[in-house]
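Good morning, colleagues. Please look first at the sequence and the structure as they appear on the screen, and then I shall take you through the parts in turn.

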Amino acid sequence: MSQVKVKWRCPSNIAIVKYWGKKGIQIPCNSSLSLTLSNSFTEVEVELSDKTSSDAVQLAYYFEGEINEKFGARVAKFLEDNNEFFPYLADNAITIHSSNSFPHSAGIASSASAFGAISLALLDISYELEGKEKDDKFYNTASNLARLGSGSASRSMFSNYAMWGENSAIANSSNQHAIEVTDIHPAFQSMKDAILIVEDEPKKVSSSVGHSLMNNHPYAENRFKQANERTAELIEILKTGNMEAFIHMCESEALTLHAMMMCSMEYYLLVKPGTITAIEKLMEFRKESKVPVCFTLDAGPNVHVLYPKAYETEVENFINTELKDTYKKVIYDEGGNGPTKIKI
Ligand code: DP6
């Protein structure tokens with residue numbers, strides 16, 4: 001077969017309304033809504049060659065130039081489970097070279113951007129081999145595939161705001177793939193996200209274990225209901241430009257996520273002293289300065305500071321001075337345009 005090689009870049013995303021709890025085959029227990037980032041991304045180059053083994057999937061997975069057995073095994077399983085999307089797997093070996101724009105030890109979850117990029121590149125090859133044009137359906141299918149790899153990855157396919165998960169109040173919402181949230185007030189069109197790297201060690205408890213602890217969680221049902229209501233509310237907030245309501249929801253979601261961890265049957269704690277100090281100082285700063293800035297957290301100790309670009313001078317000055325003892329490093333990111341195919 002002729003040489004087939006493609007390269008894709010896919011950004012990470014930060015959830016405002018959190019996905020926490022799943023069932024069946026990567027079906028979320030509630031809908032979620034996130035901001036697609038720009039500077040934190042994964043790039044993958046995927047190349048096909050002749051198979052030399054009789055394995056159902058022959059994959060060599062390199063991360064930053066070195067074979068990565070652990071993540072490679074997760075990707076190989078993903079390919080095997082979803083081989084109907086990739087008919088060429090039967091006759092071809094696959095080599096994936098992957099790299100992240102952010103440092104490996106930054107404590108940034110890379111599974112969203114990695115599964116996003118892998119899904120796009122592999123699906124692109126299917127389209128190329130079948131001579132199909134890429135339309136909107138391409139991104140929905142890529143989002144579906146990315147979800148099967150890692151739930152939050154489903155939301156990285158679209159620019160700025162994306163929601164994932166069936167929600168009776170939101171037309172076209174789906175458990176299978178994310179959709180773009182398009183009607184965005186100017187107040188929320190240029191959001192920045194300064195990621196304070198409070199701790200750069202791997203997480204003590206993986207997200208998969210965290211999700212599973214929602215299975216016999218005393219507050220699960222109320223939490224899922226709340227998140228569904230909030231997703232619909234947030235769409236309205238983004239449309240009308242209600243910054244105060246955004247700040248309240250964003251911070252409450254972050255603390256609720258961590259509260260769920262702290263009161264699951266096998267309780268655990270991911271926040272660190274630096275996390276708490278940064279949050280307290282940020283709330284104080286907002287109160288005094290009236291600058292519209294807020295925080296969110298993912299499943300770790302790092303603090304995502306969100307603010308409109310119009311306030312970047314004030315907020316970044318605050319981060320560099322008042323917060324400097326709370327973090328090891330800051331990664332400045334912002335809302336972005338979603339994935340791109342890279343010419344090679
Ligand atoms: C706290 O998408 O990492 O970041 O589907 O098991 O791969 P898996 O989980 P993952 O969970 C992300 C959880 C979160 C919230 C969110 O991104 O919505």
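**The interface of the two domains**

Between them, domain 1 and domain 2 bury about 3200 Å², with 65% of that area on carbon and sulfur atoms. On the side of domain 1, the residues that lose the most area to domain 2 are I16, K18 and W20, which together account for 26% of what that side buries. I should say at once that we are looking at a predicted model.

Where do the two domains lie along the chain? Domain 1 covers residues 4-183, and domain 2 covers residues 186-334. Their C-alpha centres are 24 Å apart. In terms of residues, 35 from domain 1 are in contact with 45 from domain 2.

Let me turn to the polar side of this interface. How many salt bridges cross between domain 1 and domain 2? The rule finds zero. Polar contacts, by contrast, are present across the interface: 14 residue pairs are found, with both partners at pLDDT 80 or more.

Which elements of domain 1 give two or more residues to the side that touches domain 2? They are β1 (5-17), β4 (32-50) and β8 (161-164). Strand β4 supplies the largest share of that side, with eight residues. Sorted by class, the side of domain 1 that touches domain 2 holds 19 nonpolar residues, 12 polar residues and four charged residues.

**The ligand**

I now move to the ligand. There are 17 residues around the ligand, and the closest of them are Y19, K22, S150, G151 and S152. Two of these names return when we consider individual atoms. K22 places a polar side-chain atom 2.7 Å from an oxygen atom of the ligand. For S150, an N or O atom of the side chain is 2.7 Å from a ligand oxygen atom. To these we may add R155, which has a polar side-chain atom 2.8 Å from an oxygen atom of the ligand.

**Salt bridges and backbone**

For salt bridges, the count by the rule comes to 18. One pair that I would like to show you is D124 with K341, whose side chains meet in a salt bridge at 2.7 Å, N to O. Why does this pair tie together parts that are 217 residues apart in sequence? The reason is that D124 lies in helix α2 (residues 111-130), whereas K341 lies in strand β14 (residues 340-342).

Finally, I draw your attention to two asparagines in the backbone. N160, a residue other than glycine, has a positive phi near 55 degrees. N160 sits in the loop between α3 (136-149) and β8. N172 is likewise not a glycine, and its phi is positive at about 70 degrees. The loop that holds N172 runs between β8 and β9 (178-180).

Thank you for your attention.

Notes
Residues numbered from 1 in each chain as written. Heavy atoms only, no water. Domains from an automatic or database assignment. Contact = heavy atoms within 4.5 Å. Buried area = accessible area lost by both parts, 1.4 Å probe. Salt bridge = Lys/Arg side-chain N within 4 Å of Asp/Glu carboxyl O. Polar contact = N/O pair within 3.5 Å; in protein donor to acceptor, adjacent residues only side chain to side chain. Helix = DSSP H or I, 4+ residues; strand = E, 2+ residues; numbered from the N terminus. Nonpolar A, V, L, I, M, F, W, Y, C, P; charged D, E, K, R; others polar. Near = heavy atom within 4 Å.
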